[in-house]
Number of protein chains: 2
Amino acid sequence: MDRLMQSIKMDINEKLYVKDPESSTLGKKIVEQGILLIYEIGFECFTFKKLGARIGSNESSIYRYFENKHKFLLYLASWYWGWTEYKLVFATHSISDRNEKLKKALEILAQTVEEDKSFTHVNEVVLNKIVISEYSKSYLTKEVDNENKEGYFTIYKRLVDRLSEMIAAVDPEYPYPLSLSSMVMEGTLHQFFLQEHFPALTSCNDKVTPAEYFVDLIFRTLKTKPNG
Amino acid sequence: MDRLMQSIKMDINEKLYVKDPESSTLGKKIVEQGILLIYEIGFECFTFKKLGARIGSNESSIYRYFENKHKFLLYLASWYWGWTEYKLVFATHSISDRNEKLKKALEILAQTVEEDKSFTHVNEVVLNKIVISEYSKSYLTKEVDNENKEGYFTIYKRLVDRLSEMIAAVDPEYPYPLSLSSMVMEGTLHQFFLQEHFPALTSCNDKVTPAEYFVDLIFRTLKTKPNG
DNA sequence: ATAATATGATAGTAATACTATTAGTTTTGC
DNA sequence: GCAAAACTAATAGTATTACTATCATATTAT
(Lines give C-alpha, C1' and ligand atoms only; values in the text may rest on other atoms or scores of the structure.)
Protein backbone atom coordinates (compact mmCIF):
# COMPACT_ATOMS: atom_id res chain seq x y z
CA MET A 1 0.00 0.00 0.00
CA ASP A 2 2.68 2.43 1.13
CA ARG A 3 2.03 6.04 0.22
CA LEU A 4 -0.67 5.34 -2.28
CA MET A 5 -3.46 5.76 0.22
CA GLN A 6 -2.07 8.65 2.13
CA SER A 7 -4.31 11.10 0.38
CA ILE A 8 -7.35 8.86 0.45
CA LYS A 9 -10.04 9.35 3.06
CA MET A 10 -12.43 6.61 4.06
CA ASP A 11 -15.89 7.31 2.80
CA ILE A 12 -17.82 6.66 5.99
CA ASN A 13 -21.52 7.37 6.48
CA GLU A 14 -21.75 10.84 7.97
CA LYS A 15 -24.52 9.88 10.33
CA LEU A 16 -22.07 7.71 12.22
CA TYR A 17 -20.33 10.69 13.75
CA VAL A 18 -21.36 14.07 15.10
CA LYS A 19 -18.13 15.71 14.07
CA ASP A 20 -15.69 14.10 11.68
CA PRO A 21 -12.86 12.68 13.79
CA GLU A 22 -10.49 13.01 10.84
CA SER A 23 -10.90 16.77 11.05
CA SER A 24 -8.91 17.36 14.21
CA THR A 25 -6.09 16.11 16.36
CA LEU A 26 -8.46 15.23 19.17
CA GLY A 27 -10.68 13.32 16.77
CA LYS A 28 -7.77 11.24 15.53
CA LYS A 29 -6.65 10.64 19.06
CA ILE A 30 -10.13 9.39 19.96
CA VAL A 31 -10.02 6.91 17.09
CA GLU A 32 -6.44 5.87 17.69
CA GLN A 33 -6.72 5.35 21.42
CA GLY A 34 -10.30 4.15 21.25
CA ILE A 35 -9.17 1.21 19.13
CA LEU A 36 -6.46 0.34 21.63
CA LEU A 37 -8.74 0.70 24.64
CA ILE A 38 -11.50 -1.47 23.19
CA TYR A 39 -8.90 -4.07 22.37
CA GLU A 40 -7.55 -3.97 25.91
CA ILE A 41 -10.71 -4.03 27.99
CA GLY A 42 -13.37 -5.22 25.53
CA PHE A 43 -16.33 -3.35 24.13
CA GLU A 44 -18.61 -4.01 27.12
CA CYS A 45 -16.24 -2.38 29.59
CA PHE A 46 -15.26 0.41 27.24
CA THR A 47 -16.71 3.84 28.11
CA PHE A 48 -16.10 7.36 26.84
CA LYS A 49 -15.16 8.34 30.36
CA LYS A 50 -12.32 5.83 30.43
CA LEU A 51 -11.22 6.87 26.96
CA GLY A 52 -11.25 10.49 28.07
CA ALA A 53 -9.06 9.69 31.04
CA ARG A 54 -6.67 7.78 28.78
CA ILE A 55 -6.18 10.58 26.30
CA GLY A 56 -6.14 13.28 28.97
CA SER A 57 -9.35 14.69 27.66
CA ASN A 58 -12.90 14.96 28.79
CA GLU A 59 -15.87 12.62 28.40
CA SER A 60 -18.00 15.46 27.09
CA SER A 61 -15.44 16.25 24.41
CA ILE A 62 -15.72 12.75 23.02
CA TYR A 63 -19.48 13.03 22.90
CA ARG A 64 -19.00 15.88 20.49
CA TYR A 65 -17.49 13.42 18.04
CA PHE A 66 -19.63 10.34 18.61
CA GLU A 67 -23.18 10.03 19.91
CA ASN A 68 -22.41 6.87 21.84
CA LYS A 69 -20.08 3.90 21.85
CA HIS A 70 -22.29 1.86 19.57
CA LYS A 71 -21.95 4.45 16.80
CA PHE A 72 -18.25 4.55 17.53
CA LEU A 73 -18.03 0.82 16.91
CA LEU A 74 -20.02 1.20 13.70
CA TYR A 75 -17.61 3.92 12.65
CA LEU A 76 -14.54 1.77 13.34
CA ALA A 77 -16.12 -1.17 11.52
CA SER A 78 -16.89 0.98 8.50
CA TRP A 79 -13.35 2.19 8.50
CA TYR A 80 -12.08 -1.39 8.63
CA TRP A 81 -14.33 -2.65 5.85
CA GLY A 82 -13.59 0.39 3.72
CA TRP A 83 -9.92 -0.29 4.10
CA THR A 84 -10.45 -3.97 3.31
CA GLU A 85 -12.51 -3.09 0.26
CA TYR A 86 -9.75 -0.85 -0.98
CA LYS A 87 -7.20 -3.60 -0.58
CA LEU A 88 -9.51 -6.04 -2.32
CA VAL A 89 -10.22 -3.86 -5.31
CA PHE A 90 -6.61 -2.82 -5.62
CA ALA A 91 -5.30 -6.37 -5.50
CA THR A 92 -7.83 -7.97 -7.83
CA HIS A 93 -8.35 -5.14 -10.30
CA SER A 94 -5.77 -6.17 -12.81
CA ILE A 95 -6.35 -9.92 -12.67
CA SER A 96 -8.22 -11.14 -15.70
CA ASP A 97 -8.26 -14.85 -14.92
CA ARG A 98 -11.51 -15.38 -13.02
CA ASN A 99 -10.18 -18.18 -10.86
CA GLU A 100 -7.09 -16.26 -9.93
CA LYS A 101 -9.16 -13.20 -9.19
CA LEU A 102 -11.43 -15.07 -6.79
CA LYS A 103 -8.49 -16.77 -5.15
CA LYS A 104 -6.81 -13.45 -4.59
CA ALA A 105 -10.00 -11.94 -3.18
CA LEU A 106 -10.37 -14.79 -0.70
CA GLU A 107 -6.79 -14.39 0.36
CA ILE A 108 -7.27 -10.70 0.99
CA LEU A 109 -10.43 -11.30 3.00
CA ALA A 110 -9.14 -14.20 5.04
CA GLN A 111 -5.53 -13.20 5.50
CA THR A 112 -3.99 -12.15 8.77
CA VAL A 113 -3.84 -8.38 8.79
CA GLU A 114 -0.50 -6.67 8.65
CA GLU A 115 0.35 -3.17 9.62
CA ASP A 116 -0.34 -0.48 7.07
CA LYS A 117 1.69 2.65 7.46
CA SER A 118 -0.62 4.70 5.29
CA PHE A 119 -2.88 5.65 8.17
CA THR A 120 -0.79 6.78 11.04
CA HIS A 121 -3.52 7.05 13.61
CA VAL A 122 -5.14 3.67 12.91
CA ASN A 123 -3.46 0.49 13.98
CA GLU A 124 -4.93 -1.97 11.49
CA VAL A 125 -3.63 -5.05 13.25
CA VAL A 126 -5.44 -4.14 16.45
CA LEU A 127 -8.49 -2.94 14.56
CA ASN A 128 -8.69 -6.32 12.87
CA LYS A 129 -8.70 -8.00 16.29
CA ILE A 130 -11.51 -5.75 17.41
CA VAL A 131 -13.50 -6.60 14.31
CA ILE A 132 -12.98 -10.30 15.00
CA SER A 133 -14.36 -10.12 18.51
CA GLU A 134 -16.74 -7.16 18.38
CA TYR A 135 -18.14 -6.73 14.88
CA SER A 136 -21.10 -9.06 15.36
CA LYS A 137 -22.28 -6.91 18.23
CA SER A 138 -22.73 -4.00 15.86
CA TYR A 139 -25.57 -5.71 14.00
CA LEU A 140 -26.94 -8.18 16.54
CA THR A 141 -29.23 -5.54 18.02
CA LYS A 142 -32.88 -4.63 18.01
CA GLU A 143 -32.05 -1.56 15.92
CA VAL A 144 -30.43 -3.37 12.97
CA ASP A 145 -33.23 -2.82 10.55
CA ASN A 146 -33.35 0.91 11.12
CA GLU A 147 -29.60 1.26 11.11
CA ASN A 148 -29.42 -0.79 7.95
CA LYS A 149 -31.88 1.60 6.33
CA GLU A 150 -29.69 4.47 7.44
CA GLY A 151 -26.86 2.85 5.49
CA TYR A 152 -24.59 1.99 8.40
CA PHE A 153 -23.61 -1.33 6.85
CA THR A 154 -23.24 -0.23 3.25
CA ILE A 155 -19.56 -0.94 2.86
CA TYR A 156 -19.81 -4.41 4.35
CA LYS A 157 -22.74 -5.23 2.11
CA ARG A 158 -20.86 -4.02 -0.92
CA LEU A 159 -17.99 -6.32 -0.01
CA VAL A 160 -20.30 -9.32 0.26
CA ASP A 161 -21.68 -8.35 -3.10
CA ARG A 162 -18.30 -8.00 -4.75
CA LEU A 163 -17.21 -11.42 -3.55
CA SER A 164 -20.50 -12.91 -4.61
CA GLU A 165 -19.99 -11.55 -8.13
CA MET A 166 -16.54 -13.08 -8.33
CA ILE A 167 -17.99 -16.40 -7.25
CA ALA A 168 -20.69 -16.16 -9.90
CA ALA A 169 -18.07 -15.30 -12.49
CA VAL A 170 -16.18 -18.48 -11.74
CA ASP A 171 -19.26 -20.70 -11.71
CA PRO A 172 -22.41 -19.05 -13.04
CA GLU A 173 -24.33 -22.26 -12.38
CA TYR A 174 -23.65 -22.27 -8.67
CA PRO A 175 -27.00 -21.57 -7.02
CA TYR A 176 -25.96 -19.87 -3.76
CA PRO A 177 -23.27 -17.28 -4.45
CA LEU A 178 -24.59 -14.77 -1.93
CA SER A 179 -24.75 -17.24 0.94
CA LEU A 180 -21.31 -18.52 0.07
CA SER A 181 -19.98 -14.99 0.07
CA SER A 182 -21.58 -13.88 3.33
CA MET A 183 -20.50 -17.14 4.90
CA VAL A 184 -16.88 -16.51 3.96
CA MET A 185 -16.98 -12.96 5.30
CA GLU A 186 -18.42 -14.02 8.62
CA GLY A 187 -16.73 -17.38 8.78
CA THR A 188 -13.32 -15.86 8.38
CA LEU A 189 -13.70 -13.76 11.49
CA HIS A 190 -15.12 -16.75 13.31
CA GLN A 191 -12.23 -19.05 12.41
CA PHE A 192 -9.74 -16.48 13.64
CA PHE A 193 -11.70 -16.20 16.86
CA LEU A 194 -11.76 -19.97 17.34
CA GLN A 195 -8.07 -20.22 16.63
CA GLU A 196 -7.45 -17.98 19.60
CA HIS A 197 -10.10 -19.11 22.07
CA PHE A 198 -11.39 -22.51 21.00
CA PRO A 199 -8.52 -24.20 19.15
CA ALA A 200 -10.28 -27.55 19.52
CA LEU A 201 -13.06 -26.30 17.25
CA THR A 202 -11.01 -25.35 14.23
CA SER A 203 -8.59 -26.96 11.83
CA CYS A 204 -6.74 -23.66 11.52
CA ASN A 205 -3.48 -23.28 13.40
CA ASP A 206 0.11 -22.22 12.93
CA LYS A 207 0.37 -24.25 9.77
CA VAL A 208 -3.10 -23.88 8.30
CA THR A 209 -4.51 -20.41 7.84
CA PRO A 210 -8.19 -19.51 7.48
CA ALA A 211 -7.28 -18.28 4.02
CA GLU A 212 -6.07 -21.73 2.97
CA TYR A 213 -9.14 -23.37 4.42
CA PHE A 214 -11.52 -21.05 2.61
CA VAL A 215 -9.71 -21.07 -0.73
CA ASP A 216 -9.78 -24.86 -0.63
CA LEU A 217 -13.45 -24.89 0.37
CA ILE A 218 -14.62 -22.50 -2.31
CA PHE A 219 -12.74 -24.21 -5.11
CA ARG A 220 -14.02 -27.62 -4.05
CA THR A 221 -17.50 -26.18 -4.15
CA LEU A 222 -17.43 -24.38 -7.47
CA LYS A 223 -17.13 -25.95 -10.86
CA THR A 224 -14.38 -23.92 -12.44
CA LYS A 225 -14.17 -23.42 -16.15
CA PRO A 226 -11.22 -22.37 -18.21
CA ASN A 227 -11.30 -18.65 -18.88
CA GLY A 228 -12.17 -17.34 -22.29
CA MET B 1 -40.10 -36.09 20.24
CA ASP B 2 -43.44 -36.22 21.99
CA ARG B 3 -43.35 -37.72 25.44
CA LEU B 4 -39.99 -39.32 25.08
CA MET B 5 -38.16 -36.45 26.65
CA GLN B 6 -40.58 -35.62 29.37
CA SER B 7 -38.54 -37.33 32.00
CA ILE B 8 -35.25 -36.08 30.67
CA LYS B 9 -33.55 -33.15 32.28
CA MET B 10 -30.98 -31.04 30.51
CA ASP B 11 -27.55 -31.63 31.88
CA ILE B 12 -26.45 -28.05 32.31
CA ASN B 13 -23.26 -26.92 34.05
CA GLU B 14 -24.19 -26.23 37.65
CA LYS B 15 -22.02 -23.16 37.88
CA LEU B 16 -24.35 -21.41 35.46
CA TYR B 17 -27.05 -21.01 38.08
CA VAL B 18 -27.18 -20.26 41.78
CA LYS B 19 -30.29 -22.32 42.31
CA ASP B 20 -31.58 -24.78 39.73
CA PRO B 21 -34.49 -23.08 37.97
CA GLU B 22 -35.99 -26.48 37.16
CA SER B 23 -36.48 -27.04 40.88
CA SER B 24 -39.34 -24.60 41.41
CA THR B 25 -42.29 -22.92 39.81
CA LEU B 26 -40.63 -19.52 40.07
CA GLY B 27 -37.48 -20.89 38.47
CA LYS B 28 -39.40 -22.22 35.50
CA LYS B 29 -41.29 -18.98 35.19
CA ILE B 30 -38.01 -17.08 35.09
CA VAL B 31 -36.78 -19.27 32.25
CA GLU B 32 -40.08 -19.25 30.38
CA GLN B 33 -40.72 -15.52 30.57
CA GLY B 34 -37.03 -14.63 30.38
CA ILE B 35 -36.88 -16.21 26.94
CA LEU B 36 -39.91 -14.26 25.79
CA LEU B 37 -38.67 -10.97 27.24
CA ILE B 38 -35.20 -11.26 25.70
CA TYR B 39 -36.86 -12.02 22.39
CA GLU B 40 -39.10 -8.96 22.68
CA ILE B 41 -36.67 -6.29 23.84
CA GLY B 42 -33.26 -7.80 23.00
CA PHE B 43 -30.51 -8.88 25.36
CA GLU B 44 -29.03 -5.40 25.82
CA CYS B 45 -32.27 -3.93 27.14
CA PHE B 46 -33.17 -7.01 29.14
CA THR B 47 -32.81 -6.62 32.93
CA PHE B 48 -33.81 -8.76 35.90
CA LYS B 49 -35.87 -5.85 37.14
CA LYS B 50 -38.00 -5.84 33.99
CA LEU B 51 -38.31 -9.61 34.12
CA GLY B 52 -39.38 -9.39 37.76
CA ALA B 53 -42.07 -6.87 36.88
CA ARG B 54 -43.27 -9.11 34.06
CA ILE B 55 -43.68 -12.21 36.19
CA GLY B 56 -45.02 -10.30 39.18
CA SER B 57 -41.95 -11.15 41.17
CA ASN B 58 -38.98 -9.36 42.57
CA GLU B 59 -35.60 -8.53 41.09
CA SER B 60 -33.88 -9.94 44.14
CA SER B 61 -35.72 -13.24 43.79
CA ILE B 62 -34.32 -13.69 40.30
CA TYR B 63 -30.82 -13.02 41.55
CA ARG B 64 -31.30 -16.05 43.78
CA TYR B 65 -31.45 -18.18 40.62
CA PHE B 66 -28.93 -16.48 38.36
CA GLU B 67 -25.90 -14.38 39.21
CA ASN B 68 -26.42 -12.02 36.28
CA LYS B 69 -27.95 -11.86 32.87
CA HIS B 70 -24.83 -13.09 31.16
CA LYS B 71 -24.97 -16.36 33.08
CA PHE B 72 -28.66 -16.50 32.31
CA LEU B 73 -27.88 -16.29 28.60
CA LEU B 74 -25.25 -19.00 28.95
CA TYR B 75 -27.82 -21.14 30.73
CA LEU B 76 -30.40 -20.67 27.99
CA ALA B 77 -27.81 -21.39 25.33
CA SER B 78 -26.73 -24.57 27.08
CA TRP B 79 -30.34 -25.63 27.26
CA TYR B 80 -30.76 -24.98 23.57
CA TRP B 81 -27.64 -26.83 22.49
CA GLY B 82 -28.45 -29.70 24.84
CA TRP B 83 -31.85 -29.99 23.26
CA THR B 84 -30.33 -29.80 19.78
CA GLU B 85 -27.78 -32.45 20.65
CA TYR B 86 -30.51 -34.74 21.85
CA LYS B 87 -32.44 -34.29 18.62
CA LEU B 88 -29.27 -34.87 16.62
CA VAL B 89 -28.27 -38.06 18.39
CA PHE B 90 -31.80 -39.38 18.37
CA ALA B 91 -32.31 -38.74 14.67
CA THR B 92 -28.97 -40.05 13.43
CA HIS B 93 -28.42 -42.91 15.85
CA SER B 94 -29.97 -45.63 13.76
CA ILE B 95 -28.65 -44.52 10.39
CA SER B 96 -25.78 -46.68 9.23
CA ASP B 97 -25.16 -45.10 5.85
CA ARG B 98 -22.51 -42.48 6.54
CA ASN B 99 -23.70 -40.09 3.87
CA GLU B 100 -27.28 -40.31 5.03
CA LYS B 101 -26.20 -39.84 8.60
CA LEU B 102 -24.30 -36.66 7.82
CA LYS B 103 -27.12 -35.36 5.70
CA LYS B 104 -29.58 -35.94 8.51
CA ALA B 105 -27.29 -34.26 11.01
CA LEU B 106 -26.97 -31.18 8.82
CA GLU B 107 -30.70 -31.04 8.42
CA ILE B 108 -31.23 -31.15 12.17
CA LEU B 109 -28.67 -28.43 12.77
CA ALA B 110 -29.80 -26.12 10.01
CA GLN B 111 -33.52 -26.69 10.07
CA THR B 112 -36.07 -24.17 11.21
CA VAL B 113 -37.04 -25.05 14.75
CA GLU B 114 -40.52 -26.29 15.44
CA GLU B 115 -42.33 -26.36 18.70
CA ASP B 116 -41.59 -29.24 21.02
CA LYS B 117 -44.30 -30.00 23.53
CA SER B 118 -41.99 -32.02 25.71
CA PHE B 119 -40.82 -29.02 27.68
CA THR B 120 -43.80 -27.01 28.69
CA HIS B 121 -41.97 -24.03 30.10
CA VAL B 122 -39.56 -23.58 27.20
CA ASN B 123 -40.72 -22.21 23.89
CA GLU B 124 -38.12 -23.70 21.56
CA VAL B 125 -39.17 -21.61 18.58
CA VAL B 126 -38.51 -18.38 20.44
CA LEU B 127 -35.40 -19.77 22.09
CA ASN B 128 -34.02 -20.56 18.65
CA LYS B 129 -34.57 -16.95 17.62
CA ILE B 130 -32.71 -15.77 20.69
CA VAL B 131 -29.83 -18.08 19.92
CA ILE B 132 -29.71 -16.70 16.37
CA SER B 133 -29.39 -13.12 17.49
CA GLU B 134 -27.75 -13.39 20.91
CA TYR B 135 -25.60 -16.51 21.11
CA SER B 136 -22.45 -14.88 19.79
CA LYS B 137 -22.57 -12.38 22.61
CA SER B 138 -22.16 -15.19 25.12
CA TYR B 139 -18.62 -15.94 23.96
CA LEU B 140 -17.47 -12.67 22.38
CA THR B 141 -16.29 -11.36 25.74
CA LYS B 142 -13.05 -10.78 27.59
CA GLU B 143 -13.96 -13.64 29.93
CA VAL B 144 -14.28 -16.40 27.30
CA ASP B 145 -11.13 -18.21 28.16
CA ASN B 146 -12.00 -18.48 31.83
CA GLU B 147 -15.57 -19.40 31.16
CA ASN B 148 -14.45 -21.96 28.64
CA LYS B 149 -12.22 -23.50 31.31
CA GLU B 150 -15.22 -23.59 33.62
CA GLY B 151 -16.99 -25.68 31.02
CA TYR B 152 -19.73 -23.22 30.07
CA PHE B 153 -19.50 -24.16 26.41
CA THR B 154 -19.11 -27.91 26.74
CA ILE B 155 -22.32 -28.92 25.02
CA TYR B 156 -21.73 -26.66 22.06
CA LYS B 157 -18.20 -27.97 21.68
CA ARG B 158 -19.43 -31.54 21.83
CA LEU B 159 -21.85 -30.78 19.02
CA VAL B 160 -19.11 -29.34 16.83
CA ASP B 161 -17.11 -32.44 17.57
CA ARG B 162 -19.94 -34.82 16.71
CA LEU B 163 -20.52 -33.14 13.39
CA SER B 164 -16.84 -33.10 12.67
CA GLU B 165 -16.67 -36.86 13.25
CA MET B 166 -19.52 -37.46 10.85
CA ILE B 167 -17.72 -35.35 8.26
CA ALA B 168 -14.54 -37.33 8.76
CA ALA B 169 -16.50 -40.58 8.45
CA VAL B 170 -17.78 -39.54 5.05
CA ASP B 171 -14.40 -38.34 3.77
CA PRO B 172 -11.44 -39.30 5.95
CA GLU B 173 -9.13 -37.50 3.54
CA TYR B 174 -10.76 -34.14 3.96
CA PRO B 175 -8.21 -31.99 5.78
CA TYR B 176 -10.42 -29.51 7.65
CA PRO B 177 -13.34 -31.36 9.27
CA LEU B 178 -13.30 -29.23 12.44
CA SER B 179 -13.39 -25.92 10.61
CA LEU B 180 -16.11 -27.21 8.35
CA SER B 181 -18.13 -28.29 11.33
CA SER B 182 -17.74 -25.11 13.35
CA MET B 183 -18.46 -23.12 10.22
CA VAL B 184 -21.74 -24.94 9.71
CA MET B 185 -22.78 -24.45 13.32
CA GLU B 186 -22.07 -20.73 13.24
CA GLY B 187 -22.98 -20.20 9.62
CA THR B 188 -26.41 -21.66 10.09
CA LEU B 189 -27.33 -19.10 12.71
CA HIS B 190 -25.84 -16.39 10.55
CA GLN B 191 -27.80 -17.35 7.44
CA PHE B 192 -31.03 -17.31 9.43
CA PHE B 193 -30.12 -13.89 10.74
CA LEU B 194 -29.37 -12.57 7.27
CA GLN B 195 -32.60 -13.98 5.92
CA GLU B 196 -34.45 -11.82 8.37
CA HIS B 197 -32.38 -8.64 8.41
CA PHE B 198 -30.13 -8.60 5.35
CA PRO B 199 -31.98 -10.60 2.69
CA ALA B 200 -29.70 -9.10 0.03
CA LEU B 201 -26.74 -10.92 1.59
CA THR B 202 -28.08 -14.46 1.44
CA SER B 203 -29.35 -16.91 -1.14
CA CYS B 204 -31.73 -18.34 1.44
CA ASN B 205 -35.37 -17.34 1.25
CA ASP B 206 -38.87 -18.82 1.22
CA LYS B 207 -37.81 -21.42 -1.30
CA VAL B 208 -34.25 -22.15 -0.27
CA THR B 209 -33.53 -23.05 3.36
CA PRO B 210 -30.18 -22.79 5.10
CA ALA B 211 -30.39 -26.57 5.46
CA GLU B 212 -30.49 -27.04 1.69
CA TYR B 213 -27.65 -24.63 1.20
CA PHE B 214 -25.42 -26.35 3.74
CA VAL B 215 -26.23 -29.91 2.68
CA ASP B 216 -25.38 -28.94 -0.87
CA LEU B 217 -22.19 -27.20 0.24
CA ILE B 218 -20.87 -30.02 2.37
CA PHE B 219 -21.52 -32.69 -0.22
CA ARG B 220 -19.87 -30.65 -2.93
CA THR B 221 -16.89 -30.29 -0.65
CA LEU B 222 -16.46 -33.88 0.49
CA LYS B 223 -15.51 -36.82 -1.64
CA THR B 224 -18.10 -39.37 -0.70
CA LYS B 225 -17.41 -43.04 -0.92
CA PRO B 226 -19.87 -45.87 -1.01
CA ASN B 227 -20.43 -47.33 2.44
CA GLY B 228 -18.99 -50.66 3.34
C1' DA C 1 -46.67 -26.25 66.12
C1' DT C 2 -42.13 -25.11 65.07
C1' DA C 3 -38.29 -24.72 62.24
C1' DA C 4 -36.47 -24.22 57.91
C1' DT C 5 -36.73 -22.44 53.46
C1' DA C 6 -38.39 -19.51 49.74
C1' DT C 7 -40.03 -15.29 48.26
C1' DG C 8 -41.13 -10.29 48.44
C1' DA C 9 -40.33 -5.48 49.58
C1' DT C 10 -37.45 -1.86 50.44
C1' DA C 11 -33.31 0.55 50.54
C1' DG C 12 -28.80 1.53 49.24
C1' DT C 13 -24.25 1.81 46.32
C1' DA C 14 -21.25 2.44 42.52
C1' DA C 15 -21.06 2.80 37.78
C1' DT C 16 -22.98 3.88 33.23
C1' DA C 17 -24.70 6.75 29.73
C1' DC C 18 -25.72 10.41 28.94
C1' DT C 19 -27.19 16.21 28.91
C1' DA C 20 -26.47 20.98 30.12
C1' DT C 21 -23.92 24.86 31.42
C1' DT C 22 -20.10 27.62 31.83
C1' DA C 23 -15.58 29.03 31.33
C1' DG C 24 -11.24 29.06 29.21
C1' DT C 25 -8.26 28.32 24.99
C1' DT C 26 -7.26 28.25 20.06
C1' DT C 27 -8.01 29.33 15.57
C1' DT C 28 -9.46 32.29 11.85
C1' DG C 29 -10.71 36.07 9.28
C1' DC C 30 -9.94 40.67 8.37
C1' DG D 1 -3.16 42.47 16.11
C1' DC D 2 -7.81 41.83 17.63
C1' DA D 3 -12.50 40.24 17.90
C1' DA D 4 -15.45 36.66 16.73
C1' DA D 5 -16.12 32.05 16.16
C1' DA D 6 -15.09 27.50 17.14
C1' DC D 7 -13.33 24.14 20.13
C1' DT D 8 -12.23 21.89 24.43
C1' DA D 9 -12.30 21.17 29.52
C1' DA D 10 -14.53 21.03 33.86
C1' DT D 11 -18.26 20.46 36.65
C1' DA D 12 -22.66 19.08 37.87
C1' DG D 13 -26.75 16.63 37.38
C1' DT D 14 -30.27 12.79 35.89
C1' DA D 15 -32.12 8.28 35.04
C1' DT D 16 -30.95 3.67 34.71
C1' DT D 17 -28.29 -0.44 35.54
C1' DA D 18 -26.37 -4.01 38.14
C1' DC D 19 -26.07 -5.36 41.78
C1' DT D 20 -25.99 -6.33 47.66
C1' DA D 21 -28.06 -6.34 52.14
C1' DT D 22 -31.67 -6.57 55.34
C1' DC D 23 -35.94 -7.77 57.06
C1' DA D 24 -40.65 -9.29 56.81
C1' DT D 25 -43.79 -12.62 55.30
C1' DA D 26 -45.43 -16.81 53.21
C1' DT D 27 -44.96 -21.69 52.37
C1' DT D 28 -43.42 -26.31 53.35
C1' DA D 29 -41.52 -29.95 55.91
C1' DT D 30 -41.19 -32.58 60.27
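Helix α3(A) provides three residues, the largest share of the surface near DNA strand C; helices are DSSP runs of H or I with at least four residues, numbered from the N terminus, and near means that a heavy atom of the residue lies within 4 Å of the molecule or strand. This is a predicted model, in which local features need pLDDT of at least 70, side-chain atom pairs count only at pLDDT 80 or more, and totals for chains, interfaces and linings use all residues. Residues are numbered from 1 along each chain as its sequence is written, chains are lettered from A in the order in which they are written, and side-chain values use heavy atoms, without hydrogens and water.

**DNA strand C**

- Around DNA strand C there are 17 residues, and the closest are E59(A), N68(A), S57(B), R64(B) and Y65(B).
- Of the strand C atoms that come within 4 Å of the protein, 56% belong to sugar and phosphate.
- α3 (59-63) of chain A and α3 (59-63) of chain B each give at least two residues to this surface.
- A side-chain N or O atom of E59(A) is 3.4 Å from a base nitrogen of DNA strand C, and a polar side-chain atom of R64(B) is 2.9 Å from a base oxygen of that strand.
- K50(A) has a polar side-chain atom 3.5 Å from a phosphate oxygen of DNA strand C.

**DNA strand D**

- DNA strand D has 17 residues around it, of which S57(A), S61(A), Y65(A), E59(B) and N68(B) come nearest.
- Sugar and phosphate make up 59% of the strand D atoms within 4 Å of the protein.
- The largest share of the surface near DNA strand D comes from α3(B), with three residues.
- A base nitrogen of DNA strand D lies 3.1 Å from a polar side-chain atom of R64(A), while a phosphate oxygen of the strand lies 3.4 Å from a polar side-chain atom of K19(A).

**Chain A with chain B**

- Chain A and chain B each bring 52 residues to the contact (heavy atoms within 4.5 Å).
- The two chains bury about 4200 Å² between them, 61% of it on carbon and sulfur atoms; buried area is the accessible area (1.4 Å probe) lost on putting two parts together, summed over both.
- On the side of chain B that touches chain A, elements giving two or more residues include α1 (25-41), α8 (154-170) and α9 (177-197).
- α9(B) gives the most to that side, with twelve residues.
- Zero salt bridges are counted between the chains (a Lys or Arg side-chain nitrogen within 4 Å of an Asp or Glu carboxyl oxygen).

Conventions
Polar contact = N/O pair within 3.5 Å; in protein donor to acceptor, adjacent residues only side chain to side chain.
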